[in-house]
Amino acid sequence: MKSTTPSLQGWQAHKHLLTLAFPMILANSTTPLLGLVDTAVMGHMDSAAMLAGASIGALILTQLYWVCGFLRMSTTGLSAQAKGNPREPVLQSAKVLWQTAGVAALLGLVIVALQWPLWQVGMGLAAPPAEVATHAQAYFSVRVWGAPAALLNLVLIGWLVGQQKTRTVLVIQVVGNLLNAVSDLVLVLGLQMSVPGVALASVLAEYAMMGMAGAFALRMCAGVAPHRDWFNAAARRMLLKLNGNMLIRNLALQACLAFVTLQGARLGETAAAVNALLMQFFVLIALGLDGIAYAVEALVGEAVGAGQAKQVVVQTQQGLLWSTVFALVYAVGFFSGGPSLLRLLTDLDDLYRAALPYLPLMVALPLLAHWCFLFDGVFVGLTRSAPMRDTMVVSALLVFFPVWWFTRQHGNVALWYAMLAFLLARGITLGGFFWRLTRRQAWLR
């Protein structure tokens, strides 16, 4: 694993960025397809309560893993900076791998150890009927044993992205998701294991992906073994600070997303259903914009590790260009094909008519949101988590909730006014931090 400084120029530099981004776009696209397979298999069970229970059990763990997404983000930035190190990239990359994997394994074991209180909290929030709760527990009690692998996968995927091995990530994701789908069919439809079979299929896939990613990462590290100094007090403080800031950021974001879901549900069945449809537009733009952000994380981090402050700005500018291109393509696509997409998502006329007036907001969504996706990637590469924490909290408390409050008389649409304002505020505030750091030339301090 040789250190490669980001010195490409012109079209070659843009091509390199896109070469990193597209495998991640494809990798991200496989997850919704897996969800369709899971849903189809569960939809052939004996009762709707089984499907509902498995979905709730999965949701509890998915939310836990999503909050722990800081592991992926912090690892990517540290890995990219280690790759850019001009003197000892292999040693520094191995150090990052072992440090972050240790944190992930510990958190995974904590989730397993605390599974009962976590389950109780999840049930308290969901409050499902008794039959649904029974099936939810059957799912959760099996799937929770995959927590160590699931969190280690966040670290391993983040580390590989930082090393610019996005094609490897794509292969791992595809193989893991295919294994999950095949295991679903064998365990549920073949062996009649019902809800626990769906959970076990996911656990098997998680450990298989961990094995594949771990083997590849260790081979890249050329057999460098962990050293006790990598886990000393200074290292623990650094990781705690970085990951702690990312955790607060994720919790603030999750609070806003959860508010949209819960407040929409309070406004009635139609509002909740409309919001579920509109969230699919958000999922679609995230596929492309996250892909660009992943590439920028790796390239900006490599520039920092190589001590090339100018390249930080260059990589950010190139990322902004392609983020803007993707945003424009999404906006045009939603403008011209939005009604058709809604028809694809629902064949209920009343729901279609209720969602149709929101399409102008969906056209604006990628144009307003792509800034925050891109700058998130920049600050992940810089491993500057404090600005990410601060801008997320400020945007939530001073933009999202106030905008909703002052427009709440408009009903459900006020939630989307607030969401768009929130996303734009995040982009503006992160961009402001970036401009200040540029003026002070503070990238490498």
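User: Is Arg-426 buried or exposed?
Analyst: Happy to help, and note that this is a predicted model. Buried means under 20% relative accessible area. Arg-426 has 5% relative accessibility, so Arg-426 counts as buried.

User: Which residues are joined into one network by salt bridges that share partners?
Analyst: Let's go pair by pair. The side chains of Arg-426 in helix H16 and Asp-376 in helix H14 meet in a salt bridge at 2.4 Å, N to O. Asp-376 also forms a salt bridge with Arg-249, with the closest N and O atoms 2.8 Å apart. Through these shared partners, the network consists of Arg-249, Asp-376 and Arg-426.

User: Which residue forms a salt bridge with Lys-83, and how far apart are the closest N and O atoms?
Analyst: Lys-83 sits in helix H3, and its partner lies in helix H11, 219 residues apart along the chain. Lys-83 counts as buried at 6% relative accessibility, and the partner is buried too, with a relative accessible area of 1%. That partner is Glu-302, and the closest N and O atoms are 3.3 Å apart.

User: How many of the residues of H3 are buried?
Analyst: Helix H3 covers residues 70-84. The helix is largely enclosed by the rest of the structure, because the buried residues number 15 of the 15.

User: What distance does helix H2 reach from its first C-alpha to its last?
Analyst: Helix H2 runs over residues 48-67 and has 20 residues. At 1.5 Å a residue, 28 Å is expected. The helix comes close to that, reaching 29 Å.

Conventions. Residues numbered from 1 in each chain as written. Predicted model: local features only at pLDDT ≥ 70, side-chain atom pairs only at ≥ 80, totals over all residues. Heavy atoms only, no water. Helix = DSSP H or I, 4+ residues; strand = E, 2+ residues; numbered from the N terminus. Expected span 1.5 Å × (residues − 1). Buried < 20%, exposed > 50% of the residue type's maximum accessible area, 1.4 Å probe, protein only. Salt bridge = Lys/Arg side-chain N within 4 Å of Asp/Glu carboxyl O.
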